[in-house]
Every structure is written in structure tokens, then in C-alpha cells.
There are 4 protein chains.
Amino acid sequence: MLKVAILGGSGYTGSELLRLLLMHPQAEVTAVTSERSSGLLISDTFLNFRNPALKFESLHLKEISKKASLFFLCLPHKTSQETVAFLHNAGKKVIDLSADYRLKSAKVYREWYKIPHLYAPLLKQAVYGLPEFNRKMIRKASIIANPGCYPTGALLGLAPVMGKDFIQPNSIIVDSKSGTSGAGRSPAQPFMFCEVNESVKAYAVGVHRHTPEIEQELSALSGKNIKITFTPHLIPMDRGILSTLYVRLKKKTSLPKVQKLYHEFYCKEPFVRVLQNGRYPSTKAVKGSNYCDISVFLDKKTLIIVSAIDNLLKGASGTAVHNMNIMYGFEETAGLMSSPVSP
Amino acid sequence: MLKVAILGGSGYTGSELLRLLLMHPQAEVTAVTSERSSGLLISDTFLNFRNPALKFESLHLKEISKKASLFFLCLPHKTSQETVAFLHNAGKKVIDLSADYRLKSAKVYREWYKIPHLYAPLLKQAVYGLPEFNRKMIRKASIIANPGCYPTGALLGLAPVMGKDFIQPNSIIVDSKSGTSGAGRSPAQPFMFCEVNESVKAYAVGVHRHTPEIEQELSALSGKNIKITFTPHLIPMDRGILSTLYVRLKKKTSLPKVQKLYHEFYCKEPFVRVLQNGRYPSTKAVKGSNYCDISVFLDKKTLIIVSAIDNLLKGASGTAVHNMNIMYGFEETAGLMSSPVSP
Amino acid sequence: MLKVAILGGSGYTGSELLRLLLMHPQAEVTAVTSERSSGLLISDTFLNFRNPALKFESLHLKEISKKASLFFLCLPHKTSQETVAFLHNAGKKVIDLSADYRLKSAKVYREWYKIPHLYAPLLKQAVYGLPEFNRKMIRKASIIANPGCYPTGALLGLAPVMGKDFIQPNSIIVDSKSGTSGAGRSPAQPFMFCEVNESVKAYAVGVHRHTPEIEQELSALSGKNIKITFTPHLIPMDRGILSTLYVRLKKKTSLPKVQKLYHEFYCKEPFVRVLQNGRYPSTKAVKGSNYCDISVFLDKKTLIIVSAIDNLLKGASGTAVHNMNIMYGFEETAGLMSSPVSP
Amino acid sequence: MLKVAILGGSGYTGSELLRLLLMHPQAEVTAVTSERSSGLLISDTFLNFRNPALKFESLHLKEISKKASLFFLCLPHKTSQETVAFLHNAGKKVIDLSADYRLKSAKVYREWYKIPHLYAPLLKQAVYGLPEFNRKMIRKASIIANPGCYPTGALLGLAPVMGKDFIQPNSIIVDSKSGTSGAGRSPAQPFMFCEVNESVKAYAVGVHRHTPEIEQELSALSGKNIKITFTPHLIPMDRGILSTLYVRLKKKTSLPKVQKLYHEFYCKEPFVRVLQNGRYPSTKAVKGSNYCDISVFLDKKTLIIVSAIDNLLKGASGTAVHNMNIMYGFEETAGLMSSPVSP
């Protein structure tokens with residue numbers, strides 16, 4: 001059994017990691033840290049679990065580094081910077097669910113996160129952990145920068161047409177609708193039930209920090225410097241991100257051709273389901289699962305791609321476990337084959 | 001008191017009209033028709049009302065035409081065609097909430113609704129009842145084509161920049177998120193609670209019938225033949241439409257300039273609230289009211305406008321009452337000044 | 001116009017009071033206080049309002065006492081104690097929405113609220129402001145203790161049978177289901193969207209502070225010392241309380257007899273709707289209105305009464321305005337006749 | 001691999017059975033029937049599944065009886081009567097999720113279901129499939145009457161005190177709150193999103209068909225003829241039943257004693273979690289899992305027990321799989337150990 005630890009495990013991504021890892025046939029959770037819940041039983045904080053033996057502990061890096069081979073980090077950005085560096089230097093493998101090692105450029109990081117990156121050399125060693133793109137590098141990586149939730153849905157939806165000559169690469173609009181678990185578990189007035197319920201709104205228009213992450217990966221895929229327009233929205237539901245992606249065409253093409261492109265691009269992927277013509281992805285059809293559902297539409301000169309993921313699984317903890325499976329040579333789908341829970 | 005009747009009043013727009021008209025100081029509801037609920041007390045179908053005297057009756061045109069001066073039609077499209085014509089010929093005024101008299105071209109109507117328009121000459125007499133655009137014509141109209149819910153949010157958001165030289169008029173994308181009451185009250189599997197709840201999905205991509213309506217009015221505003229891309233989405237909430245509108249810039253402009261344009265365009269409108277810089281509209285902030293909230297953002301070369309309405313009020317029955325107020329010279333805001341109900 | 005002020009107006013009951021008072025034909029809001037939002041426009045905190053002139057101010061008792069004749073207090077209990085006393089001594093009228101003046105016994109207050117009542121003599125002057133019970137006393141009162149939300153639904157449901165010889169008075173069970181706005185607007189982890197949504201739970205079983213309030217009023221109605229069992233539940237919705245009330249029968253009776261009793265008891269009440277045989281109250285059918293809907297059922301030897309209210313209206317701010325109307329000789333229904341907003 | 005078939009598999013219990021059986025290590029689904037979806041791929045009806053090979057077929061009893069050893073019946077009551085009989089005579093094992101074989105008395109069945117039971121002799125052979133009560137008989141059974149959703153939550157909550165001398169056995173009140181999936185998947189106006197959302201209501205007060213089922217099993221447990229008062233409520237959520245159970249005390253007892261009783265009663269049960277003192281069950285903490293969470297409270301002379309289950313798992317398909325595991329000697333928890341999905 002692979003010994004793994006979760007650092008910063010009292011939020012929703014931590015709890016989802018725990019849910020997946022407790023069911024995983026080859027991994028064993030040896031420690032979960034939380035500053036605010038330190039000393040409490042995990043079953044006291046997350047009433048869905050009843051494993052009575054496991055307690056949250058404070059994060060003492062030296063001690064905890066001895067308890068596991070692989071570390072999942074669900075720490076806030078900035079804190080993650082040095083924790084990754086420490087564990088890496090101690091010879092441990094790390095899957096970092098924060099944003100700290102996703103951007104390859106320390107300059108871009110500073111611009112968007114307003115703090116310097118103190119471990120810039122490590123950025124080059126970190127692999128952007130989207131398995132559908134970087135499977136080979138993930139296999140050998142010791143630091144995985146686990147992708148953001150919005151980027152995952154947008155990138156999987158856009159990848160098959162990036163670099164194609166029939167699209168206008170700088171026309172891309174990403175209009176995303178996210179459930180509320182994406183906002184985290186800490187109390188805050190805008191995410192109180194009565195504020196979110198029965199409402200939909202846009203937020204962080206033009207300034208969301210996932211923008212440079214999407215741009216970096218689209219640029220890598222297409223070999224061009226891509227800039228996008230990204231608008232996130234808050235939806236009154238727990239889980240799920242639906243991304244509606246708009247791409248202007250440069251040349252004429254046909255819907256069947258583009259659909260074929262998508263089917264071929266993802267035909268071997270265990271977690272991407274390209275839907276048949278006329279089917280619409282919905283977040284409910286992927287809820288509780290690691291799937292990404294994708295459909296393609298053509299409206300005059302605009303390609304419209306719709307993708308749906310569960311933000312806590314394919315958009316966070318599910319991909320983290322997928323990365324672990326690849327890194328350690330486990331079956332890629334181990335612990336991840338639960339069907340969506342619907343309704 | 002102005003005598004009014006509601007034809008086809010057992011759906012959500014009918015019930016909302018009733019709610020507004022029962023509180024209206026100058027209107028009296030003398031009849032409400034419904035085929036499926038004929039003979040039942042209105043309070044048997046809509047448990048929120050308790051007015052015990054009013055019953056649903058079957059629609060007998062001759063008889064009912066004597067009962068009121070103004071008729072609100074919440075009938076299905078096609079049925080509305082001839083009912084409008086009959087009442088018009090009988091010298092009555094009509095506010096038609098169906099789509100039958102919105103499109104000026106019988107040819108375009110046939111293309112999108114798959115049936116001929118049998119009263120094409122009347123299309124010219126019908127006034128598109130968006131008060132912010134057509135106040136003067138509404139005053140003298142005898143047939144009002146009450147705007148669709150999606151068009152209302154999209155058109156109010158886009159109007160101030162239509163015809164301006166700094167936008168690319170054929171780059172417009174309308175990405176709308178609607179509550180479920182927009183789908184009507186008749187039982188259908190896709191709108192059952194467990195299908196809609198905890199989910200978001202796109203539908204009718206590229207083929208929604210509100211598309212030609214939006215294009216017609218944008219073309220009228222700009223003096224150009226405008227084509228748009230329109231994607232509606234279904235949101236797990238009762239009421240509200242949030243429209244995120246994307247317009248490419250042709251020339252450089254600045255956010256303050258565009259914001260000033262919006263503030264000036266709507267400064268005298270009682271029901272349009274242009275929010276201050278950095279504020280985000282939400283459907284909850286307009287729920288139960290006749291307001292349309294609008295904010296403008298600029299992201300590189302894309303103008304992003306966000307508008308929020310209550311689809312049953314500003315997107316249907318509220319605007320219908322607003323049109324009545326204008327037609328009969330009542331105070332424009334009569335019966336419509338309820339603050340949004342929040343939370 | 002009657003000048004009124006709202007003290008502690010940045011929560012949900014404050015915002016609902018504001019909504020009602022802004023529409024009231026005979027009242028004018030001259031001040032709204034809030035410590036945390038002091039200096040901000042009301043429209044900055046409550047995005048549903050757009051009245052630009054009104055700002056939250058800090059609560060300086062001396063100054064504010066000059067600004068109005070009637071004061072609505074939405075302050076936390078304990079703080080309310082002395083504020084009521086100060087305003088009363090300054091010759092002002094007060095409607096206190098906190099719990100501080102509801103219990104007639106300072107001893108019982110201390111027992112349940114764990115603090116002494118420093119103004120015990122004033123408790124006798126305070127009138128329990130449930131208009132259906134205490135209309136005459138409210139007319140002359142200068143201090144109104146506005147009822148709690150759970151007690152309102154329970155008391156209106158139980159009142160007609162209290163003191164009747166066919167019930168067992170100490171068998172009463174109150175099982176209540178409340179929307180989340182009852183928990184207030186301050187950020188707290190248990191009321192975050194993802195904690196409340198898609199869940200139902202009981203809380204404060206046997207220890208909820210509304211218990212002695214219900215017992216006091218039932219005892220007054222029946223002339224006996226009544227003890228009840230009260231279980232509140234949290235429901236994933238914004239507004240509404242449904243109370244299912246169980247009363248054991250001592251003697252045989254018939255459903256029609258009991259229904260007649262209810263119809264007669266409330267036949268003159270503008271805000272209580274006793275439903276016809278077989279109809280079920282729902283919170284949606286009263287949402288956004290000041291109504292209380294009640295139905296009665298008989299199952300073998302148990303009487304089951306179901307009542308539904310909007311906790312922010314009939315359960316708080318609506319009743320507060322109703323009390324104002326009675327105190328000042330306004331039409332009782334002034335500003336309160338909005339139909340429920342449904343769906 | 002055990003070959004199993006699902007008859008009547010296009011509803012929510014069918015889809016949940018499928019979800020569980022597709023993940024089960026020892027069972028293989030060989031057929032799923034549905035009249036309305038016959039010929040369609042399962043993945044066309046349930047978009048969460050993507051197994052492309054399996055199609056719905058019409059129910060031809062002779063043919064289908066050859067396809068499996070064990071049959072799960074999700075048919076409407078009445079239809080189930082004869083299907084069970086046919087399969088039983090063909091030497092097959094049956095787990096019937098309808099109500100047709102739950103009531104031991106054909107007379108009581110006729111009284112509540114308004115039709116005769118045509119296979120009354122088989123009622124004696126059918127075992128009431130609540131594993132916590134009837135494990136031994138289930139092991140040898142060929143017909144399992146799978147318990148109803150409400151009875152499961154009520155019976156597990158009440159069992160430990162049935163037959164105890166300190167309770168009044170005929171004082172029991174079951175106040176249950178159910179998510180909407182319990183109402184099934186067929187389109188019906190009362191279960192449309194906009195009717196259920198933002199509302200709570202009681203229904204079928206005193207006449208719900210799960211009443212005699214609960215009474216039968218409580219009578220069996222206590223050796224007395226028990227009559228209960230049962231009130232179901234509809235909650236705006238997908239899954240879950242919270243039951244609040246009230247039992248009057250005859251003699252004094254203490255909370256710790258009763259809690260000890262519960263802990264001991266269920267200490268070996270893999271799916272019943274008796275919570276620690278002061279903890280509240282919530283439906284969210286069991287959602288997507290086969291657990292039943294239970295807490296006990298004491299308020300003066302009333303014992304209050306609260307139980308939470310997922311109605312589609314522990315209240316239907318999860319227990320059906322549990323019964324299969326017992327019947328075939330599989331590990332009892334096989335395929336059922338998923339942690340609750342939260343949030």
C-alpha cells in the first residue's frame with residue numbers, strides 16, 4: 001500500500017480526496033492535517049465519514065514528511081510554495097492542488113497573485129497535471145501542479161481544435177458556470193445559503209486568476225500566444241462546472257468533421273465522454289464522478305463547445321488521484337470508476 | 001377602473017399577471033380563461049391566491065370579448081394568431097404575450113415556427129412592446145407584441161452600444177442563464193424537480209426561437225442586418241435570467257466612457273438600473289420586481305455586459321402591465337413598484 | 001407620515017422591514033442603523049434596493065431618538081433590553097423584534113437566555129404582539145414584543161383548540177421546518193450554501209429558546225400550565241416555516257366539528273387562511289406575503305394541524321408592520337396586501 | 001458472476017440499482033426492462049451511464065426468466081404480484097421493490113391498496129427484507145419484499161425501544177421529511193421543479209400506504225398491536241429521508257441508558273451509525289451511501305429519535321443489494337461501501 005498524506009484537509013477538496021483515497025485499493029491515508037481542526041476526529045468535522053481512528057493533526061513538516069511517500073497539498077496558495085519545496089528536497093513526491101506551481105512564469109505568477117514566487121527554479125520541474133495532455137511527463141514527475149477547476153473544463157473542451165487552421169485562435173470566450181463548493185468551505189457572507197440560493201451572477205469578470213493558466217496551456221497546445229476572455233458565474237448548486245466555449249471560425253468547416261475530430265482526440269481517454277450529435281452535457285450527468293462530458297455545436301461562423309465536470313473530482317481531487325495512479329503505475333482508473341450519482 | 005381579461009391564465013405568466021393586476025390601482029380583472037382548469041376557482045389552482053369569487057372559464061371569444069376593454073393573451077403561439085385578430089376586429093386592445101406578433105416578417109416567422117402566419121397584414125400594426133425602445137408607439141397601439149424573456153434581457157443590455165462605431169456588430173454573443181419557470185407549468189420530464197435540481201445545462205444551441213427576435217430588434221436599433229450567437233442555459237432556480245453579452249470592439253474605447261453611455265441612455269427609465277463600476281447584477285437582486293440591472297465590463301478588446309431580470313416580471317407579465325400603463329395613460333410605474341423580494 | 005426608524009437593520013428582518021415600509025402609504029423611514037455597515041448606502045448592502053439617499057448610521061441613542069416616533073428594533077437579545085428601556089423613557093413607541101420582552105417572567109428569561117433581565121418591571125408593560133390574540137392591548141401599547149417566528153406558526157395553529165375539553169393539553173408536539181433565512185445573515189459555517197443545500201436536519205432538540213415562549217402563550221390561552229415538545233428543523237430554502245402540530249384527543253370529536261371551530265375562530269382575520277378540507281398548506285403558497293395558512297386533519301386519536309408562514313413576514317417583519325398599523329389606527333392591512341410570490 | 005436482471009428499470013430506483021450493480025464485484029446485469037424506453041440504450045435515458053452495450057428491453061417473462069438467477073423488480077404494485085409469482089414458480093429468486101409482498105395480511109393489503117392480492121399464499125414465503133431484523137430468514141429466502149423508504153428510516157429508529165417497558169407503545173408519531181426522488185420519475189405537475197423548489201409541505205396525512213407496513217413490523221418487534229401516526233413531508237432536495245420519531249415514556253429512564261441501548265443494538269451492523277451524544281443526523285451526511293444515521297434525545301417525558309437515510313440507497317436499492325449479498329453469501333458490504341458524497 002502506498003502511504004499518502006493530505007496537507008490542509010479540512011476543506012471540500014480535502015474531504016473529497018479522503019473519500020476517494022479511503023476507497024482506493026492501493027493507497028493508505030496515514031495523515032491529514034488541519035490547523036483549525038487539529039486534534040479533532042475527522043468524523044467530527046466531516047459527518048459523512050465514520051472512520052474513528054483518523055484525527056486531524058497540525059502541520060509539522062519535518063515529522064509529517066516521514067509519514068508518507070506522496071503528499072497531496074490542499075493548502076492556500078503562497079503557503080504551498082514552500083511546503084512543496086521542503087517536501088521535494090526531502091525526496092518526497094507532491095501533488096499540489098493549489099495554484100502555486102501551475103504557471104511556468106514567475107513573472108506572470110507575481111502579476112496575478114501579487115506576491116513573488118520564491119522557488120522559481122522548481123517551476124520548471126513541476127508538471128501541469130492534466131493527464132489527457134501530459135501523461136508521459138506525469139509518469140516521471142515528482143511535483144505535480146494539479147490543474148484548476150475552471151481550466152480543466154475549458155482546456156478539455158478546447159484542446160482538439162487548438163492549432164487547427166480553421167479557427168481564429170484569439171477569439172476564444174470561456175463562459176463558465178460553477179457550483180458553490182468551488183468557493184471553499186470557510187464561512188463568508190457571499191456564500192451563505194440565502195445569498196447563493198435562487199440566484200445566478202457573474203463575478204471576477206476579466207480578472208479571475210484562472211485566466212493566465214488557461215492561456216498558458218492553450219498557448220502550449222497551439223504554439224501561439226493565446227489570450228482569452230473568461231467569465232465565471234456562481235450557480236445555486238453544490239457541485240459542477242459547465243463551460244460554454246465560443247470559438248470563431250476562420251475557414252469553413254462542418255459539424256460532422258469537428259465532431260469526428262473530438263471523438264478521435266478522446267477515443268482512448270477513460271474519463272472524457274464526447275457525446276453524440278445533439279446531446280447536451282449537464283453537470284448532473286457527471287456529479288460524483290471523474291468524467292468530463294463534451295458536446296460540439298456549430299452556429300454560423302461560431303463553434304460552440306460545451307463541457308461538464310464535477311469541480312471536486314475531475315476539477316480537483318479526482319484528477320489528483322488520477323495523477324497518483326499514473327505516477328505509481330497503478331491502473332489509471334483505480335478508485336475512480338464510480339458512476340455519476342444521479343439524481 | 002379599466003376592465004381587463006387574461007386569456008390562457010393557468011400558467012406561470014398568467015398567475016404573475018393576476019398577482020400584479022390584483023394589486024393594480026386602476027385595473028380590474030373581469031375574466032380569466034383556462035381550458036384545463038375551466039370551472040375551477042382560481043384559488044384551487046394557484047394556492048397563493050385566495051380571492052374566492054374568480055373562476056377560470058373556457059375561452060368563448062364572442063362572449064368574452066364583451067367582458068373587457070383590454071385583453072392579455074398568454075396562449076400558445078399559433079392559437080394567439082387568430083385570437084388577436086378576432087379581438088382586434090372587435091375593436092379591443094390586446095397585449096399578446098405569445099411570440100405570434102413579434103416578428104415583423106411572416107417569412108421569418110414561418111422559418112422559425114414551422115407554420116404560416118395567417119394574419120400577416122396585422123404584423124405591421126403590432127408594436128413590439130419594449131417600453132424603453134417604443135414608448136411613443138405603444139401609447140397609440142392597439143396590438144402589443146410583448147417581448148420574449150431572453151430578448152428583453154439581451155436587448156436592454158445591448159441597446160446603448162448598437163449603432164456605435166466602436167463595436168463589431170456581427171460579433172455579438174448572448175449567453176443566457178434562465179430559471180425554470182421560463183419552461184412553463186405543463187408537466188414534462190426534463191423539468192421535474194430531480195432533473196433540474198443540482199444541475200446546469202445548455203439547450204437549443206443555435207436553434208432557439210428567440211434568436212430572430214433579438215436579431216430583428218438589434219438590426220432595427222443599429223440600422224444593420226445583425227446576426228447573433230445565442231446560447232440559453234437552464235439553472236436550478238425558479239425565477240430570473242442573467243445574460244452575459246459579449247461584443248468585440250472595432251476601435252479602442254474606455255470603460256468609463258461606455259459606462260457613461262449606459263448611465264445616460266437609461267437615466268430616465270424607471271425600471272433599468274445601471275449599476276456602479278465593479279458591481280455585479282444577480283437575479284436575486286431583481287427577483288419579484290420589474291427591474292433590469294445592468295453592468296458593463298471591458299476585458300482587452302471585448303465589451304462584456306451583464307443584465308439581470310425576473311423572467312416573469314420584466315421578462316413577461318411586468319412588461320405587459322407596463323405596456324398597459326402606457327397605453328392607458330396611467331402612471332408608468334403603477335402596480336409595479338414592489339421592491340425585489342430578497343432573500 | 002409617521003416617522004419610523006429601524007435599529008439593527010442590516011440583517012434579513014431589517015431588510016424585510018425596509019421593503020415593507022418603503023411601500024407603506026403612511027410610514028416614512030427616517031433612519032436605519034447598523035454598526036458593521038455604518039456609513040454605507042443601504043443600496044450597497046442590499047442590492048435589491050436602489051433608494052440612493054438612505055445610509056446606514058451607527059446607533060447613537062440620544063440622537064436617533066429624535067428622528068422618529070416609532071422604533072423597530074432588530075437588535076440581538078440583551079442589547080435590546082436597554083435600548084427598549086431608553087426609548088420608552090424618552091416617550092417613544094417601540095416594536096422589539098428580539099426576544100427580550102416576550103417572556104413575562106424574568107426568571108424564565110434568565111433560565112433560557114442565561115443572562116438576567118435588567119428591566120423586569122417593563123416586562124409587564126410590554127404587549128406580546130400577536131395581533132390575532134392581543135389586538136386590543138396592542139392598540140394602546142407603547143412596547144410591543146414582536147413574536148418569534150416558530151411561536152407564530154405554532155400558536156396560530158394551536159389557538160382554536162386550546163382550552164377545549166376534547167384535547168389532552170400536555171400532549172402537544174410542535175415539529176417545525178424552517179427556511180434558512182431564520183438563521184440570520186451573519187457568516188457561519190453551518191449556514192454556508194454547501195452545508196444547507198440538499199440536506200435536512202433537526203437541531204436544538206428540546207433546548208430551543210422559542211419553547212418557553214410557546215408554552216407561555218399556550219398557557220395563557222388555556223388557563224393551564226402547558227409544556228410542549230418542540231423540534232425545529234433546517235430546510236434548504238430561503239423562506240418559510242411549516243409547523244406540523246400533534247395534539248392527542250381526550251374525548252372523541254369529528255373532523256368537520258374541528259374544522260368549523262377553526263373557520264369560525266379566524267373568519268374575521270385578514271391574514272389567516274383556514275384551508276378547505278383536504279388541502280395542504282405549503283410555504284410556497286405564502287412566500288412573500290403576510291398570510292398564515294392552516295389545515296386540520298384527524299388521524300385516529302390525534303389531531304394534526306399544519307400551518308405555513310413566511311418567517312420574514314408573518315413570522316417577523318410583516319407582523320411588526322401589522323402591529324404598527326394597529327397602534328396608529330391605520331388600516332390593518334396597509335402595506336401588507338401583496339399576494340404571495342409564486343413560483 | 002451472479003446473473004441478475006432488473007425489471008422496470010427506467011425509474012430512479014432502477015437507475016440506482018444499476019449504478020450499484022455495475023460496481024458490484026460479484027454480480028453481472030444481463031437485462032434491464034422498460035416498456036416506455038424499450039429498444040433504447042440505457043445511456044440514452046440515464047445520461048450518467050455510458051455503458052453502450054446495454055439496452056432496455058420489453059418485459060417478456062418467459063424469455064427474460066432465462067437470462068438471470070436473481071430478479072430485482074421495480075415494477076408498480078399490482079403488476080409485481082403476478083411477476084413475482086411467475087418467477088418464483090420458474091425457480092428464480094426475486095427481490096421485489098414494490099409494496100406487493102410486504103404486508104403479511106391480504107386483507108390489510110386490500111384495505112390500503114384497494115385491489116385484492118391474487119397470490120396470498122406466497123405472502124407467507126416472502127421475507128420482509130430489512131437485514132437488521134431478518135438476516136437469518138433472508139439468507140434462505142427466495143422472495144424478498146424489499147422495505148419501503150419511509151418504513152426503513154422509521155423502523156431502524158424505533159426498533160431498539162420496541163417491547164421495552166418504559167415506553168407507551170401506542171403513542172408513536174413518525175414525522176418524516178423526504179427528498180423528491182421518492183415521488184418517482186414520471187412527469188407530474190406537483191413534482192415539477194417550480195412546484196417543489198423553495199417549499200415544504202405535508203401530504204397524505206393519516207392515509208399514506210407506508211403506515212400499515214410500519215405498524216406491521218413494529219407489532220412484530222413488540223409483540224403488541226401497534227398503531228402509529230405518520231406524517232410524510234416533501235422537501236426541496238433530490239435524496240434523503242429524515243424521520244423525527246416521538247415516543248412517550250411510561251416510566252422514567254435516562255438519556256445515557258437509552259443511548260447505550262441503541263449503541264448495543266446496532267454495534268455489529270455495518271450500515272447503522274448511532275451518533276454520539278448531541279450530534280444531529282442530516283440527510284447530507286448519508287447521501288449516496290447505504291448508511292442510516294441515528295441520534296436519540298430525551299425531552300421531559302418524550303423520547304425523540306432522529307434517523308437519516310438516502311431513500312434511493314438504504315431506503316430502496318442499497319438494501320436490495322444488501323439482501324442479494326446475504327442471499328448469496330457474498331460479503332454483506334460488497335458494492336455498498338461508498339462513503340457519502342458530500343457536499
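Reader: Let's start with chains D and B. How many residues of chain D are in contact with chain B?

Author: In general, you read an interface by counting the residues that meet across it. Here, in what is a predicted model, 14 residues of chain D are in contact with 14 residues of chain B.

Reader: And which element gives the largest share of the side of chain D that touches chain B?

Author: That would be helix α9 (residues 193-196) of chain D, with three residues. Sorted by class, the side of chain D that touches chain B has eight nonpolar, four polar and two charged residues.

Reader: What turn lays chain D on chain B?

Author: The idea is to superpose one copy on the other, then look at the angle and the shift. A turn of 180° and a shift of 0.0 Å along the axis put chain D on chain B, with an RMSD of 0.0 Å. The same surface serves both copies, since 100% of the contact residues of chain D recur in chain B.

Reader: OK, now the other pair. How many residues of chain B are in contact with chain A?

Author: Chain B has 37 residues in contact with 37 residues of chain A. Several strands of chain B each supply at least two residues of the side that touches chain A, among them β8 (173-178), β10 (229-234) and β13 (292-299). As for class, you'll find 17 nonpolar, 10 polar and 10 charged residues on that side of chain B.

Reader: How are chains B and A related by rotation?

Author: Same trick as before. Chain B is superposed on chain A by a rotation of 180° with 0.0 Å of shift along its axis, at an RMSD of 0.0 Å. The two copies are therefore related as by a two-fold rotation axis. Again the same surface serves both: 100% of the contact residues of chain B recur in chain A.

Reader: Which residue of chain B comes closest to the rotation axis?

Author: B:P236 does, with its C-alpha at 3.3 Å.

Reader: Now for helix packing. At what angle do the axes of α1 and α12 of chain B cross?

Author: You look at how close the axes come and at the angle between them. Helix α1 (residues 12-22) and helix α12 (residues 313-327) of chain B have axes that come within 9 Å and cross at roughly 45°. That makes α1(B) oblique to α12(B), and the crossing is right-handed.

Reader: Which residues meet there?

Author: From α1(B), B:T13, B:E16, B:L17, B:L20 and B:L21 meet residues of α12(B) that include B:L313, B:A316 and B:V321. The contact has seven nonpolar, three polar and one charged residues. For the spacing, remember that an α-helix has 3.6 residues a turn, so residues three or four places apart point the same way.

Reader: What about D:L20: is it buried or exposed?

Author: For burial, count the C-beta atoms around a residue; 20 or more within 10 Å means buried. D:L20 has 23 others within 10 Å, so it is buried. D:L20 sits in helix α1 (residues 12-22) of chain D. Leaving aside neighbours within four places in sequence, D:L20 is in contact with D:S317, D:G318, D:V321 and D:G335. The C-alpha atoms of D:L20 and D:S338 are separated by 9.8 Å, yet the two are 318 residues apart along the chain.

Reader: And how many residues of helix α8 of chain C are buried?

Author: 10 of its 10 residues, so to speak from C:C149 through to C:L158.

Terms used
Residues are numbered from 1 along each chain as its sequence is written. Chains are lettered from A and ligands numbered from 1 in the order in which they are written. This is a predicted model: local features need pLDDT of at least 70, side-chain atom pairs count only at pLDDT 80 or more; totals for chains, interfaces and linings use all residues. Axes are lines fitted to C-alpha atoms, for helices over the stretch in contact, and angles run from 0 to 180 degrees between N-to-C directions. Helices (H or I, at least four residues) and strands (E, at least two) are DSSP runs, numbered from the N terminus. Angles under 35 degrees count as roughly parallel, over 145 as roughly antiparallel, 65 to 115 as roughly perpendicular and the rest as oblique. A crossing is left-handed if the near helix is turned anticlockwise from the far one by less than a right angle, and right-handed if clockwise. Two residues are in contact if their C-beta atoms, placed from the backbone, lie within 7 Å. Ala, Val, Leu, Ile, Met, Phe, Trp, Tyr, Cys and Pro count as nonpolar, Asp, Glu, Lys and Arg as charged, and the others, Gly among them, as polar. Copies are superposed by least squares on the C-alpha atoms of residues with pLDDT of at least 70 in both. A residue is buried if 20 or more other C-beta atoms lie within 10 Å of its own, exposed if 12 or fewer, and partly exposed in between; C-beta atoms are placed from the backbone.
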